[in-house]
Amino acid sequence: MAKSKRQVVELIALQCDDCKRRNYTTSKNRRNTQEKLEFKKYCPHDRKHTVHKETRVK
């Protein structure tokens, strides 16, 4: 079997809107979800729940 050039499931990072730090990593299926993910998660640097948006993993 030949491997596809682009992976269907990719690793992404979630970046805090307030402090701009990448606090979480997760995976995402690009076939099912094309838009960028956005979650409200706990930021340990701000010590409160903030909006975290999807970014690329370096």
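## Close-ups of a four-strand chain

**View 1. The surface, and the chain as a whole.** About 5000 Å² of the chain is accessible surface, and carbon and sulfur atoms own 46% of that. Keep in mind that this is a predicted model. On burial, 21% of the 58 residues of the chain make the cut. As for charges, there are 17 positive and 7 negative ones, and their mean positions sit 7 Å apart.

**View 2. Strands and overall spread.** You'll find four strands here and zero helices, so reading along the sequence gives β-β-β-β. The radius of gyration of the chain is 13 Å, while the globule rule gives 10 Å for 58 residues; the chain is therefore more spread out than a compact globule. Put a box around the C-alpha atoms along the principal axes and you get roughly 50 × 20 × 10 Å. Looking at contacts with a separation of 6 or more, 40% come from residues 24 or more positions apart.

**View 3. The β1–β2 hairpin.** Here β1 pairs with strand β2, residues 22-29, in the antiparallel sense, with seven bridges between them. One spot to zoom in on is V9, which stands opposite N29 in β2. The two strands make a hairpin with five residues in between. In that turn, K20 has a positive phi of about 65°.

**View 4. Where β1 meets β4.** Strand β1 covers residues 9-16 and strand β4 covers residues 48-56; the two run antiparallel and are joined by five bridges. Check I12 and you'll see R56 of β4 standing opposite. For A13, the bridge partner in β4 is T55.

**View 5. The β3–β4 hairpin.** Strand β3, residues 38-43, pairs with β4 over six bridges, again in the antiparallel sense. Four residues lie between the strands of this hairpin. R47 is the one to look at for backbone angles, with a positive phi near 55°. Further into the pairing, K41 has T50 as its bridge partner in β4.

**View 6. T50 and what surrounds it.** T50 is part of strand β4. Is this residue buried or exposed? T50 has a relative accessible area of 5%, so it counts as buried, the cut-off being under 20%. Leaving out residues up to four places away in sequence, T50 touches C16 and D18, along with F39, K40, K41 and C43. K41 turns up in this list and is also the residue that bridges to T50.

**View 7. E38 across from β4.** E38 belongs to strand β3. Which residues does E38 contact, once neighbours within four places in sequence are set aside? They are V51, H52 and K53. Take E38 and H52 as a pair: they are 14 residues apart in sequence, yet their C-alpha atoms are 5.7 Å apart in space. The strands that hold this view together, β3 and β4, are the ones paired over six bridges.

Key:
Residues numbered from 1 in each chain as written. Predicted model: local features only at pLDDT ≥ 70, side-chain atom pairs only at ≥ 80, totals over all residues. Heavy atoms only, no water. Rg over C-alpha atoms; globule rule 2.2 N^0.38 Å. Buried < 20%, exposed > 50% of the residue type's maximum accessible area, 1.4 Å probe, protein only. Contact = heavy atoms within 4.5 Å. Areas by Shrake-Rupley, 256 points an atom, 1.4 Å probe, with all protein chains shown as cover. Lys, Arg positive; Asp, Glu negative; His and termini not counted. Charge placed at Lys NZ, Arg CZ, Asp CG, Glu CD. Pairing = 2+ DSSP bridges.
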